[in-house]
Amino acid sequence: MSTSSAITVAGLHKSFGSTVALDGLDLEVRAGEVHGFLGPNGSGKSVTIRILLGLLRADSGQLEVLGGDPWSDAVELHRRIAYVPGEVNLWRNLSGGEVIDLLGRMRGGVDPVRRAELIERLDLDPSKKSRTYSKGNRQKVALVAALASPSDLLLLDEPTAGLDPLMEAEFQDLVTEAVGEGRTVLLSSHILAEVEKLCDRVTIIRKGRTVESGSLGELRHMTRTSVRVETERPVHGLQDAPGVYDFASRATESSFEVDGEQLGEVLGRIAEFGIVALTSQPPTLESLFLRHYGADGGGPPVQERPA
Amino acid sequence: MATATVAPVLGALENQPRSGPVTGWPSILRLQLRLDRIKSLVWIASVVALVVVSAISVSELYPDEASVQGYARLVSDNAAVVVQAGPGYGLQTDPSTGAVLMNELSLWTIVLVGLMSILLVTRHTRSEEETERAELLRSTPVGRHAAGLATMVNALLVNVVAAGAVILGTIASGFGAVGSIAFGLALCTSGLLFAAISLVAAQVAATGRAATGIGLAVLAVSFLLRAIGDVTGSFLTWLSPIGIGQGVRAFADERWWTPVLSLGLAAGVTWLAAVLAARRDFGAGMIPERAGRPAATRWMQGPFALALRLQRGALLGWFCGIVFFAAFYGALASEAEEMLADNPDLEQFFALSAGSSITDAFLASAVLILALLLAGYGISGVLRLSGEENNGRVEALLATPTTRTRWASSHLLVTAIGCVGVAAAGGLAVGIGAAVTTGDSSLVAEMLWALLAYVPAVGVLAGVAFVLWAWVPRLAILGWVGLVWSAVVGLLAQLLDLPDWVVSLSPLDHVPSLPAEGFEATGLVTMAAATVLLVAAGLVGFTRRDLGSS
């Protein structure tokens, strides 16, 4: 396996009784990148992350994390991994500060300056008992604990689901800084703006299988651009043109979506009608995900339009 | 415009059926019954099985008047028996097989029903409020007191069904209908009284664990009060819900007003709980939350420190409970001698059995009960592992460079140290109590060793719970079966006439009951070795399996 990979997973299978959770999942995270890990609810993201931590044992498949085996080398690997679970459960009668110190010490020590800085930046009150924290505050405790001690790999399972927009922005800065220091991040998230801003590459999974993987640019190329255009004369003859979808026109205004590959050709044809104004929107991640999350996700890229 | 849109909404509200503080309780009750369908059936079946098996056994062991009178002679004025059975209503005045059954059984059945009711109420009130799902339920149109009312009706149903089955079971085993009905009524009303007490505890305490603790403490104090009251013949019996329950004198000139008294008290205590519930916030107890430390102390360094911190409260509770219990038991030792003087038959019986006295027999039975409580602490300490795993808290710990073995061992070690400490303190407390009242100071050391001798056996019971959790976490709860079995064997083996091999399945049976018997090391060494093996087997299993999560 390549040494520049922080995580290499190939053909991963995991079943719980008769329920198949992972069905041949592939995932490659390169060292030093932020890798987005996406998929609908119940598609197997958390199971994968728990396997990467050695909390669950894979049924079959190739698996390497930081050059080690997550099950048999769990303890050694955990010295270099920090984890923020999706559902943060804390000891109800310990304060947030106590939890941060405890987890940090178990990971090999807390840098008090860094700890204070993180608490300040995430605006956390460390003296409250865990049972009185809101969901967002419990998540902050887990984030501070994960970021306050040195680690090479951050496994973040929907870490911002409970954070307010201000803290969300702070979190994005923290991740950017972490990568700047040479760390690798695997980020599972449903917040598309966050993924778009932070991630170098993404992997989309569905029903325990990888359906798409690559850089955001590569993925965009495979999807459609939406175009609104005002012309001197009404546009006609585009409805059935290859690569054009949802064509609608009212007098001299038309709107439609077009495959990336056909964009140039279609615009050339519209020019014949005399363009007065044109706005085009790049494919949104949302449209990309909706397509993969939907019932026929994983099929050929542009066969149908998601609802 | 605004009035036009608002008015229909107001109108709709006015047209709704009138709602009050208990609106929606039937739906909550249905949900509770659905969630409890297996749990409650197991409890009811256990109560009925205990009664029916005992009833059959008693009628075989004491079929005629002569055998009943023989039993009465050995039991009356025997403090060792009175403490673990009751005053023995009717045994001296009008001995009957029914009176024997009640003396052997009524105390423990009431304790069992009380335990069932306490756990049922905390489960559906305070523990439930700790979860997010309770808020979800509360956001629907249900009243403030709906959950409390549904829980009490649930407790009523379960107690009525259990008591009804007990009545039918005793009648079917050949006992008189009147006495059987009296016993059933006492069971049902005592159970309700403990349910009501538990409902108050659920309003006062801030956590389910604390509420259960208060309920169990009340049960233990009730047991003690009636023990002291029965041995000394004082009014203390009537301060105990268990004492009032036994006071119905089933099969011995029934006093029908005692179940009515229990029921009245249950109603009053329920009303108190409702008053308290109206004064507190949802999810909060009566005691306000304090701020914690902004940073961990220096010694909070790893899994052991965490385990100690997490178990601290429970350990303190068990420690105080067992020491308190032990001291009172010890102090009753001198009463054993005094009672004996009133019963020449029994005095002769103990004079004949060399090397043992009534005081020794009494203290040995006290130590057995303390050992059962100790096993309760041991098993609950080990099952803390299961709780930590189920609540998903352990994931964060095991994602650090902490091995599974180290994490599991930390809880085992805290429990083990706790067991030895509690056993030593409990033994000393019995010994000091006995030494002060009897004037025999050698009892202090003797009782210390008597209870410490049970530690390896407790280790086996806790070890079985550990192995179950480590290999098949779903079955962890079955760890309690070992304790239940040991209690049945320890307290009822002779009554049930159990075969030797069944009795020997209880680890506690292999401990010499000091000071009544001589010291014998073989059993202790064997059980210590078994404990070590069980722990090793559990650790092997736990490092091989998937971790469960919330």
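This briefing describes selected helices, helix pairs and loop residues in chains A and B.

The structure is a predicted model. In chain A, the account centres on helix H5, which packs against H4(A) and against H3(A). In chain B, it covers the bent helix H5(B), the pair formed by H14(B) and H16(B), and residues in two loops, among them Gln92(B) and Phe251(B).

**Helix packing in chain A**

- Helix H4 of chain A comprises residues 112-122, and helix H5 of chain A comprises residues 135-147. Their axes come within 10 Å of each other and cross at roughly 150 degrees.
- Because angles over 145 degrees count as roughly antiparallel, H4(A) is roughly antiparallel to H5(A).
- The crossing of H4(A) and H5(A) is right-handed.
- On the H4(A) side, the residues in contact are Arg114(A), Arg115(A), Leu118(A), Ile119(A) and Leu122(A). Their partners in H5(A) are Lys140(A), Leu143(A), Val144(A) and Leu147(A).
- Helix H3 of chain A, residues 96-106, also packs against H5(A), at an angle of about 30 degrees and with the axes 9 Å apart.
- Since angles under 35 degrees count as roughly parallel, H3(A) is roughly parallel to H5(A).
- H3(A) and H5(A) likewise form a right-handed crossing.
- Gly96(A), Val99(A), Ile100(A) and Leu103(A) are the H3(A) residues that meet Val141(A), Val144(A) and Ala145(A) of H5(A). Val144(A) thus appears in the contact with H3(A) as well as in the contact with H4(A).
- An α-helix has 3.6 residues a turn, so residues three or four places apart point the same way.

**Helix H5 of chain B**

- Helix H5 of chain B runs over residues 97-124, a total of 28 residues.
- At 1.5 Å a residue, H5(B) should span 40 Å, and its end C-alpha atoms are indeed 40 Å apart, so the two values agree.
- H5(B) nevertheless bends by about 45 degrees at Leu105(B).
- H5(B) is mostly covered, with 23 of its 28 residues buried.

**The pair H14 and H16 of chain B**

- Helix H14 of chain B (residues 333-341) packs against helix H16 of chain B (residues 358-390), with an angle of about 135 degrees and axes 9 Å apart.
- That angle makes H14(B) oblique to H16(B), and the crossing of the two helices is right-handed.
- H14(B) contributes Ala333(B), Ala336(B), Glu337(B) and Leu340(B) to the contact. H16(B) contributes Ile358(B), Thr359(B), Phe362(B) and Leu363(B).

**The loop before H5 of chain B**

- Gln92(B) is located in the loop between helix H4 (79-85) and H5 of chain B.
- The relative accessible area of Gln92(B) is 58%, and values over 50% count as exposed, so Gln92(B) is exposed.
- Apart from neighbours within four places in sequence, Gln92(B) is in contact with Ser76(B) and Asp77(B).
- Ser76(B) is 16 residues away from Gln92(B) along the chain, and their C-alpha atoms are separated by 7.2 Å.

**The loop between H11 and H12 of chain B**

- Arg249(B) lies between helix H11 (241-246) and helix H12 (257-278) of chain B, and Phe251(B) is found in the loop between H11 and H12 as well.
- Arg249(B) is not a glycine, yet its phi is positive, near 55 degrees.
- Phe251(B), also a residue other than glycine, has a positive phi of about 65 degrees.
- Phe251(B) has a relative accessibility of 14%, and because values under 20% count as buried, Phe251(B) is buried.

Notes: Residues are numbered from 1 along each chain as its sequence is written. Chains are lettered from A and ligands numbered from 1 in the order in which they are written. This is a predicted model: local features need pLDDT of at least 70, side-chain atom pairs count only at pLDDT 80 or more; totals for chains, interfaces and linings use all residues. Side-chain values use heavy atoms; hydrogens and water are left out. Helices (H or I, at least four residues) and strands (E, at least two) are DSSP runs, numbered from the N terminus. The expected span of a helix is 1.5 Å times one less than its number of residues. The bend at a residue is the angle between axes fitted to the seven residues ending there and the seven starting there. Buried means under 20% relative accessible area, exposed over 50%, partly exposed in between (1.4 Å probe, protein chains only). Axes are lines fitted to C-alpha atoms, for helices over the stretch in contact, and angles run from 0 to 180 degrees between N-to-C directions. Angles under 35 degrees count as roughly parallel, over 145 as roughly antiparallel, 65 to 115 as roughly perpendicular and the rest as oblique. A crossing is left-handed if the near helix is turned anticlockwise from the far one by less than a right angle, and right-handed if clockwise. Contact means heavy atoms within 4.5 Å.
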